[in-house]
Amino acid sequence: SQMGPAQEPGNHTLLTDFVLSGLSSSPELQHLLFFTICLVYTMTLVGNLLICMVTVHPTLQVPMYFFLRVLSFLDISTASVVVPKMLLSSLSGDRSISYLGCVTQLYCVVFLATTEWYLLAAMAFDRFVAVCCPLRYAATMSSRACLSLVLLSCCSGKVVSVLQTAWVFTLSFCGPRRINYFFCDIPPLVVLSCADTAPYERQLLSATVLVIFTPFCLILLSYTCIISSILKISSAQGRHKAFSTCSSHLTVVTLYCASGALIYLQPKSGHSQDAKKVFALIYTAVIPTLNPLIYSLRNKEVKEVLIRAM
C-alpha cells in the first residue's frame, strides 16, 4: 500500500498503515513457508479442539483438566490472532496492516500471552495442592476457586495489555513504515520509533519481569515444594506417578519462559530481529501445537478418553 501519511502538529508523522515484512523476503521460500505454517495451524486447531472436547468427559472433571481446557482455548486464540493474517498476506502479496489493525493485534497478543502465563502459575498451584496437601485438595481447589484463578489471570492480562499497547502507540513513528516481523509486536514497533525509547525500554523490562519472572518464581517455588514432597514418597511407583503429572506442565513452562524472555528482554536490538522472528514463531505457532501433544501423550487418563472417543 502506498497511502500517504497525514501530519499532526509538532511535525510528528501519523501513520495510516504499516507493512509487515513476514518471515522471509525470499520468493523461493514463500510456498514452502505457507504450506508449513498452514499445516502447523491446522494441527493447532485440531489438537486443541480435541483437548477441549475430551476434557469435558465426566471422568475428567477435576481442576487440572479445567485449566488444561482453558489453556487450549488460549492457544487457539493466540495462533488465530497471528497466523491467518500471515497466511493471507503470503497468498495475496499484500503485507499491509492498518494502524487500528496493528493496535488490535498487539493488544490481543499481549493479553493472551499474559493471561496464559498467569494461568500456568495457577496450574502449578493446583499441582502443589494435589501433591503436598491431598487431603485438602477438594476444599482448596473448588470450582469457585478455579474460576476465580482463571478470571484473575484474565484481569492481569487485560491490565498489562492495555498499558503496554497504550505506551507503545504513544511513541512517535517516523521513517519507513516497514515492520521487520510477521505480526505487530512490541520489539519491532519500538525499533521504528524515532523518539528516545530508553525510558520505555526500562518500563518494558519491568513489565517483562512482572509478567514472566513473577509467575515463573511462583511456579519454581511450587515445584520446589512438590519435588520435596515427592522425594519423601517411599514407593517408586508413587514417585513416578507424581512426577509424570508435573513433567508435562514443566515442559510447557520451560518453552514459554525461554522464548518469551529471548523476545522481550532486548526490545530494540535490531541486529537480532531475525532471531526474534524465530522465537516469536515458536511462541505463537509451534508451542500451541505442542501443548496437546505434551499433555495427551504423557497423560494416561487423557489418552484413554481420547481413544474411547475416537
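The second largest pocket of this predicted model encloses about 220 Å³ of space. Its lining is formed by Tyr118, Ala121, Ala122, Phe125, Leu149, Leu152, Ser153, Ser156, Leu218, Leu221 and Ser222. Three elements give two or more residues each to this lining, namely H3, helix H5 (143–168) and helix H7 (198–231). Sorted by class, the lining of the second largest pocket comprises eight nonpolar and three polar residues, with no charged residues.

One of the residues lining this pocket, Phe125, lies in helix H3. Phenylalanine 125 has a relative accessible area of 34% and is therefore classed as partly exposed, since that class lies between the limits of 20% and 50%. When residues up to four places away in sequence are not counted, phenylalanine 125 touches Thr140, Met141, Leu149 and Ser222. Of these contacts, Leu149 and Ser222 also belong to the lining of the second largest pocket. Another lining residue, Leu221, is separated from phenylalanine 125 by 96 residues in sequence, while the C-alpha to C-alpha distance between the two is 9.4 Å.

Enclosed spaces were also examined. A search of the whole structure identifies five cavities of 30 Å³ or more, and the largest cavity has a volume of about 180 Å³. The largest cavity is lined by 14 residues, of which Val110, Thr114, Thr208, Val211 and Tyr264 are the closest to its centre. At least two residues of this lining are supplied by each of H3, H5 and H7. The largest share, five residues, comes from H7. In terms of class, 11 residues of the lining of the largest cavity are nonpolar and three are polar, and no charged residues are present.

Tyr264, listed among the residues closest to the centre of the largest cavity, is also a contact of aspartate 185. Aspartate 185 is placed in the loop between E5 and H6. With residues up to four places away in sequence not counted, aspartate 185 touches Leu106, Ile263 and Tyr264. The relative accessibility of aspartate 185 is 1%, so this residue counts as buried, the limit being under 20%.

The loop that holds aspartate 185 also contains one end of a disulfide. In general terms, a disulfide is a covalent bond between the sulfur atoms of two cysteines. One disulfide is found in a search of the whole structure. This disulfide joins cysteine 102 to cysteine 184, with an S to S distance of 2.0 Å. Distant parts of the chain are linked by the pair: cysteine 102 belongs to helix H3 (residues 99–132), whereas cysteine 184 sits in the loop between strand E5 (178–179) and helix H6 (186–192), and the two cysteines are 82 residues apart. The link of cysteine 102 and cysteine 184 is left-handed, with -120 degrees about the S-S bond.

The cysteines were further considered by accessibility. Cysteine 102 has a relative accessible area of 0% and is buried, and cysteine 184 likewise counts as buried at 0% relative accessibility. Cysteine 52, at 18% relative accessibility, falls under the limit of 20% and therefore counts as buried. Cysteine 154 takes part in no disulfide, as its nearest cysteine sulfur, that of cysteine 155, is 7.0 Å away. The relative accessible area of cysteine 154 is 28%, so cysteine 154 is partly exposed.

Nonpolar packing was considered next. In soluble globular proteins, nonpolar side chains tend to be buried together. The largest nonpolar core of the model has 80 residues, of which Phe18, Trp117, Leu120, Ile179, Ile186 and Leu189 touch the most other members. Helix H3 gives the most to this core, contributing 14 residues. For leucine 189, the contacts beyond its neighbours within four places in sequence are Phe18, Cys102, Leu106, Val168, Phe169, Phe173, Ile179 and Cys184. Both cysteines of the disulfide are thus among the contacts of leucine 189. Leu106 is a contact of leucine 189 and also of aspartate 185.

With respect to the protein overall, 10 helices and five strands are present. Of its 310 residues, 47% count as buried. Among contacts between residues at least 6 apart in sequence, 77% join residues at least 24 apart.

Key. Residues are numbered from 1 along each chain as its sequence is written. This is a predicted model: local features need pLDDT of at least 70, side-chain atom pairs count only at pLDDT 80 or more; totals for chains, interfaces and linings use all residues. Side-chain values use heavy atoms; hydrogens and water are left out. A disulfide is a pair of cysteine sulfur atoms within 2.5 Å. Helices (H or I, at least four residues) and strands (E, at least two) are DSSP runs, numbered from the N terminus. Buried means under 20% relative accessible area, exposed over 50%, partly exposed in between (1.4 Å probe, protein chains only). A nonpolar core is a set of buried Ala, Val, Leu, Ile, Met, Phe, Trp, Tyr and Cys residues joined through side-chain atoms within 4.5 Å. Contact means heavy atoms within 4.5 Å. On a 1 Å grid over the protein atoms alone, a cavity is a set of points where a 1.4 Å probe fits but cannot get out, and a pocket is an open set with protein on both sides within 12 Å along at least five of seven lines; lining residues have an atom within 4 Å of a point. Grid points are joined across faces, edges and corners, and a volume is the space filled by probe spheres set on the points. Ala, Val, Leu, Ile, Met, Phe, Trp, Tyr, Cys and Pro count as nonpolar, Asp, Glu, Lys and Arg as charged, and the others, Gly among them, as polar.
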